[in-house]
Amino acid sequence: MICNMKRFTAVVTAILMTVCIGAVGRSGSKPFVIPELKSWDAGTGAFIPEESFRIAVPSGDAELLRVAGILASDWETLSGYRPEVISEKGGKGDIILTIKNDNNLKKLSGGSDECYSLDISDRVRLSGPTVKGVFWGTQTLLQMADNSLRETSAYRDSTAGSGRAYFPCGRILDWPEYGLRGFMMDCGRKYIPMSYLRKLIRIMAYYKMNTLQVHLNDNGFKQYFGGDWDRTYAAFRLECDTYPGLTARDGHYTKEEFIGFQEEASGMYVEIIPEIDVPAHSLALTRYKPEIGSQEYGMDHLDLFNPETYTFVDALFKEYLEGVEPVFRGPRVHIGTDEYSNKDQDVVERFRYFTDHYIRLVESYGKQAVVWGALTHADGETPVKSENVIMNAWYNGYADPRQMVEDGYKLISIPDGLVYIVPAAGYYHDYLNEKHLYENWTPAHVGDAVFAERDTSILGGMFAVWNDHAGNGISVKDIHDRLFPALQTLSVKMWTGTETALPYADFDSTRRYVREAPGINFSGRIGTEPGCVLEMAEVTPGATLPYPEIGYDYTVSFTIEGKAEKPGTELFRSEDAVFYLSDPVSGMMGFARDGYLNTFRYSIQDGDRLEVTVKGDNRSTTLIVNGRVIDRLETEKRWHNEGKSVIYYVPTLVFPLEKAGDFKSRITDLKVSNYLVKTGPSE
C-alpha cells in the first residue's frame, strides 16, 4: 500500500499552497510557468472549467484542430477528463483557440510568429498570429492547469493528477526573445534510444524549446583504448544502404523510425537538425573505408586530399537528402566541420574547400546548411560560403563570433565553457552552473563576446550533452538527470532573456514541482518531498507494482528468506533496468542498465534471513545487509594510457520496480522511500 498518505497529503498541500509563489495566480500574482511569462495583467476571480468544458476552434482550421486534439489528450493525462474538440464558436466555460493578429503583441514581440495572448475570464481565449504561437500558448495553459491540480490534490507523482484545475482571471501576452531555442545530443559516442529521444521532444515542447540537434556519428579518444585507432569506439547511428556495415550494431535508428521521429517533433513545432560530423570525428567512416582516413592527422580525420573521400561523403549525404520525401525531413542539415587539424596551411585551405563543398552540396538538395564554428582556427584564403549559412558558435578561439558575423554567418550561441555538459568527465560541466546562467547568461553572450539583446545575427541559443568518454558507465537516466534541470533553466533564458522577474532561489525552489511533460516521468520521481512512498507486506513472483521505478535519491529495503537462485534471477525490472538477486555472470546481487552489469560483492544463500537495503543517488549505489554496508559502488577512477588519462566510471541505478521477477526466495516488508534513509551505525 502507499504509506503515510495523510501526513504526505498535508505536507505537500501546505508546501504547494505556500511555497509555489503565485503558482496559479492567487491574489492576482503572475502565474508561475516555465519559461516565465513576459506580460501578466491581473483580473478578478478565477476561471474554473467544468468537466463538460470544450475546446472550440471556430474557424475549423485543420492544423488548429490538430493542436486542440493534442491539448485535449494532454488535459486527459493530467486530469482524467478529455474535453470535446468542436469546430464551433464556443462560449462560457470553454477554451477557444483562434488565429488572430494583435498589432500591440506584434510590436512587443518584434514580429515573432511564436507569440500568443491568453484572455481568461468566464472562458479562455487563446490566440496567436500562427498555429505555432497558439501551440505554445497551450503549453502555458497545461502548466497552469497542472499547478492548480496539484494545489487541490495530493501530489503523488509527476505522471498523474487529480483535483480541480483553475486559472486566475487576467490577460497574458507572451513571446520569445530568441527564435531558436535548442539542445544538442551526442548520440554518436553513446547510443540514445529512440524511445528517449521521443520523450525528449515532448519535454522540450512543454518548455517551448523548438530545436533538437542530433549528433549522429562520433568516436572516443584513442588514449582510452590503448592508443589504437582500431580499438577505439566509433559509431554511425543511422541505417545506411549505400554502405552496408557502416551502421552501428550496438544501437542505431532505422530510416523509418528517424523519419517518424522528425515528423512527430514537427507536429509539436520542434525542429530536428540531423548532424553527420565530417571531416573530423569521423572514425566510424574511416573504419568502414580505411583508404579515406588521414595517416598524418589520425584516423578520426578524413583525408581531405583524397578524391575518394569526397565520393564517399557525397554519396552518404545523398542517401539522406535525395528525393521528394528524403530521410532528413527538416529545413536544416548540419555538416559538422569542427576540430580538424590546422597544423599546416595547405590542410587549412583544403579544410575550407571541404567545408564550402558540403555547404553547397546540402543546399543543392534544398536544405540550409549548419556548421560548427572553425574558420578562425582554419583561417585562410579559400572562400567558404556564408550567405544563408548558420554557425554553431561554440569556442571563440575556433571561430571569433564578431568576425563570423562580419563575414555573413548567422550564429547559434552555444559557448562551451558555459553550456557544455560532459557527464563525469572532469572537464567542462558535469552539471551546469544554473544559478550563474539564470542570473547572467542569454544567447547574446557568446563566450566573452557580448552582443546586443535581439541582435539579428544571433538566431538563438543551445546547450549540449557530449558523451566524450565512451564506456564510462553513464546511463541515459544519468544524462537526463543532468539535462532536465538545465533545460528548465535555459528555456527561461532563451524565451525570456534578461527580463526574468523571479530571483533564482525562488525559481529553483518552485520549478521542482513542474513535471517533465504530461505523461512523462523519466526521472522516476515519486512525490516531491522526503517520505515513504510505497510499502508492501509481501512481494510475490511476477507481481506488478504501482510505480515503474524510483529515481535519485532513494532507499529500498526488504526482508528476504533466501532460497538457491539460478544465475540471472531478477528481483525487479523496469523498461530501463534490472535488479538481480543472482546476476547472470557471477550469481551475486547486482543490476544491469544501458548494457552495463554492476555487481555487489554479496550473494544470497539458501536459508538466509536478511534485512536488505539498497540506496541510490546520482554518484553511487550501496548495498546494506542487516544494517552493515556490504558494498558501495561509487564513481571510480579508471586509469588508461599508462596512468596519464582517467575515465570516471559511474555505477548508478534508477531503481526498477515495475515487475517482480521469477524468484524462489520470499520477499517481505518492502519499503520504498524517496530519500536516503540512515539504516545503521556503520554508515
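A cavity is a set of grid points where a 1.4 Å probe fits but cannot get out. In this predicted model, a search of the whole structure finds three such cavities of 30 Å³ or more, and the largest of them has a volume of about 50 Å³.

**The largest cavity**

Which residues line the largest cavity? The lining is made by Ser475, Lys477, Tyr552, Asp576, Ala577, Arg593, Asp594, Thr652, Leu653 and Val654. Sorted by class, this lining consists of four nonpolar, two polar and four charged residues. Rolling a probe the size of a water molecule over the atoms shows where empty space is left.

**Two helices in contact**

Helix H5, which covers residues 194–206, packs with helix H13, which covers residues 476–495, at an angle of about 10°, and their axes are 12 Å apart. Because angles under 35 degrees count as roughly parallel, H5 and H13 are therefore described as roughly parallel to each other. On the H5 side the contact is made by Tyr196, Leu200, Ile203 and Met204, while H13 contributes Val476, His480, Leu483, Phe484 and Leu487. Of the residues in this contact of H5 with H13, eight are nonpolar and one is polar, and none is charged.

**A salt bridge from helix H5**

Helix H5 also holds arginine 198, which is paired with glutamate 264 in helix H6 (residues 255–266), and this pair links distant parts of the chain, 66 residues apart. The two residues form a salt bridge in which the closest N and O atoms are 2.7 Å apart. The structure as a whole holds 44 salt bridges.

**Backbone features in loops**

Most residues other than glycine have a negative phi, and most peptide bonds are trans. Against that background, the table lists two peptide bonds of this model that are cis.

| Cis peptide bond | Omega |
|---|---|
| valine 278 to proline 279 | near 5° |
| tyrosine 552 to aspartate 553 | near -10° |

Where in the chain do proline 279 and aspartate 553 lie? Proline 279 lies in the loop between strand S12 (271–278) and helix H7 (283–288), whereas aspartate 553 is found in the loop between strand S24 (549–550) and strand S25 (554–561). Tyrosine 552, from which the second of these bonds runs, is also one of the residues that line the largest cavity.

A further backbone feature belongs to asparagine 388, which has a positive phi of about 65° although it is not a glycine. Asparagine 388 lies in the loop that stands between strand S16 (368–372) and strand S17 (390–393).

Notes
Residues numbered from 1 in each chain as written. Predicted model: local features only at pLDDT ≥ 70, side-chain atom pairs only at ≥ 80, totals over all residues. Heavy atoms only, no water. Axes fitted to C-alpha atoms, helices over the stretch in contact; angles between N-to-C directions. Helix = DSSP H or I, 4+ residues; strand = E, 2+ residues; numbered from the N terminus. Parallel < 35°, antiparallel > 145°, perpendicular 65-115°, else oblique. Contact = heavy atoms within 4.5 Å. Nonpolar A, V, L, I, M, F, W, Y, C, P; charged D, E, K, R; others polar. 1 Å grid on protein atoms, 1.4 Å probe; cavity = no way out; pocket = protein on both sides within 12 Å on 5 of 7 lines; lining within 4 Å. Points joined across faces, edges and corners; volume = space filled by probe spheres on them. Salt bridge = Lys/Arg side-chain N within 4 Å of Asp/Glu carboxyl O.
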